[in-house]
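Let's walk through this structure together, one piece at a time. Keep the sequence and the 3D view open as you read, and turn the view whenever a new part comes up.

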Amino acid sequence: MANEIKYQINGQLADNTVTADNKEDMILVPVSIGSADENRIIAELKAEDSGLREETIRHVFDLQKRVIKRMLMTGINVNTGLYYASVAFRGVIENSTWNPAKNSIVVNFNVGADLREAIKATTVGIIGEKGSAMYIGGVQDASTRAQDASATAGRAFTLTGSKLKVAGTDPAVGITLKSSGGTETKVTEDLWVTNDPSKLTFIIPASLADGTYELKVTTQFGGNSKTLLKAPRSVMKTIYIGEAPEGGGESGGSGEGGGGLDENPLG
């Protein structure tokens, strides 16, 4: 079809523990970008501009769940297109009697035709090794709302991506801006606004002149707030205080410790 929907899912390389003696044998682990509960699904349905009110969507959503539960729990196999579901029993039946302590009901799910078609229409991107994908996926100047890597001295600047949280005691840890002339300025902690794994917002020092700068984020954060990396790692991005030049906002080079991905691997 001309309007066929395309999908993309990203993965990270990980060691194949089944073949521990072969370090070149890798597997691919899907990268999760969150989870969707009932409210998220309903919000996405509403965003499709169906013309239906949220109360109507929620009512149909709840009605579908109720009907499917009734069908399955009365012995009807269900095929929604996305999945095929059927009921099975577990446990040995003793004395021809159902014993909830030893017997249980399970529901088996298999991929349906619609989901198989979606799988065929999905491309896979490999974005590095698992645990090492620290990256800057997007930037925004709070003053102008520009996302072309331009920034304003004295105003907030936001980075989005993965594993950006600044943490650790190593002297190298922090946020720095190096001018094209080689002068490096550290963004002191009192200028940090948001310090989260996926979002880092800070104030660009007001003393910095317009020009091209290498922004560098160095951290020992590895994804677990209780355990820090032994060695810090960095990711870099070229930004422009003042107006970005024609074609600005391109990659600022690879990061240290295997973390330098400037483009957004999530598309």
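Which residue in β13 is the bridge partner of Asn195? It is Leu200. Before going on, please keep in mind that this is a predicted model.

That bridge belongs to a hairpin made by β12 and β13, with three residues between the two strands. The two strands pair in the antiparallel sense, over three bridges. If you follow β13 to its pairing with β9, you find five bridges joining residues 156-162 of β9 to residues 199-203 of β13, and here too the strands run antiparallel. One place to see this is Ala156, which stands opposite Ile203 in β13.

Now put these strands into their sheet. It is an open sheet of four strands, in the order β7-β9-β13-β12, with antiparallel pairing. At its edges stand β7 (135-141) and β12 (192-195); each has a single partner strand, so one side of each is left without a neighbour in the sheet. On average, neighbouring strands in this sheet are turned by 15° against each other, direction ignored.

A second open sheet has five strands, in the order β8-β15-β14-β10-β11, and its pairing is mixed. Its edge strands are β8 (150-151) and β11 (184-187), each of which pairs on one side only. To see a parallel pairing, look at β8 and β15 (residues 227-241), which are joined over two bridges. Within β15, Ile241 is the residue that stands opposite Ala151.

Thr219 is a good residue to pause on in this second sheet. It is found in strand β14, which covers residues 211-224. Is Thr219 buried or exposed? Its relative accessible area is 0%, so it counts as buried. The side chain of Thr219 reaches the backbone oxygen of Lys165 at 2.5 Å. Leaving aside neighbours within four places in sequence, Thr219 is in contact with a set of residues that includes Met134, Lys163, Val166, Pro232 and Arg233.

Next, turn to the nonpolar side chains. The largest nonpolar core has 24 residues, and those touching the most other members are Phe157, Leu159, Phe202 and Ile204. At least two residues of this core come from each of β7, β9, β10 (174-179), β13, β14 and β15. Its largest share, four residues, is supplied by β15. Phe202 is worth a close look in the viewer. Not counting residues up to four places away in sequence, Phe202 touches Phe157 and Leu159, and also others including Ile175, Val187, Trp192 and Leu215.

From the core, move to the aromatic rings. How many aromatic pairs does a search of the whole structure find? It finds three. In one of them, Tyr83 and Phe109 meet edge-to-face, with 5.2 Å from centre to centre and 70° between the planes. This pair links distant parts of the chain: Tyr83 lies in strand β4 (residues 83-90) and Phe109 in strand β5 (residues 104-111), 26 residues apart. Tyr83 has a relative accessibility of 25%, so it counts as partly exposed. Phe109, with a relative accessible area of 52%, is exposed.

Another pair brings together Phe89 and Trp98. Why is this pair edge-to-face? The ring centres of Phe89 and Trp98 are 5.4 Å apart and their planes stand at 70°, and planes over 60 degrees apart count as edge-to-face. Phe89 is exposed, at a relative accessible area of 61%, while Trp98 is partly exposed, at 38%.

Finally, step back to the whole chain. The protein chain holds three helices and 15 strands. Of its 267 residues, 28% count as buried. Among contacts between residues at least 6 apart in sequence, 56% join residues at least 24 apart. The pair of Tyr83 and Phe109, 26 residues apart, is one link between distant parts of the chain that you can find again in the viewer.

Definitions and conventions
Residues numbered from 1 in each chain as written. Predicted model: local features only at pLDDT ≥ 70, side-chain atom pairs only at ≥ 80, totals over all residues. Heavy atoms only, no water. Phe/Tyr/Trp six-rings, centres within 6.5 Å; stacked < 30°, edge-to-face > 60°. Buried < 20%, exposed > 50% of the residue type's maximum accessible area, 1.4 Å probe, protein only. Pairing = 2+ DSSP bridges. Axes fitted to C-alpha atoms, helices over the stretch in contact; angles between N-to-C directions. Polar contact = N/O pair within 3.5 Å; in protein donor to acceptor, adjacent residues only side chain to side chain. Contact = heavy atoms within 4.5 Å. Core = buried A, V, L, I, M, F, W, Y, C linked by side-chain atoms within 4.5 Å.
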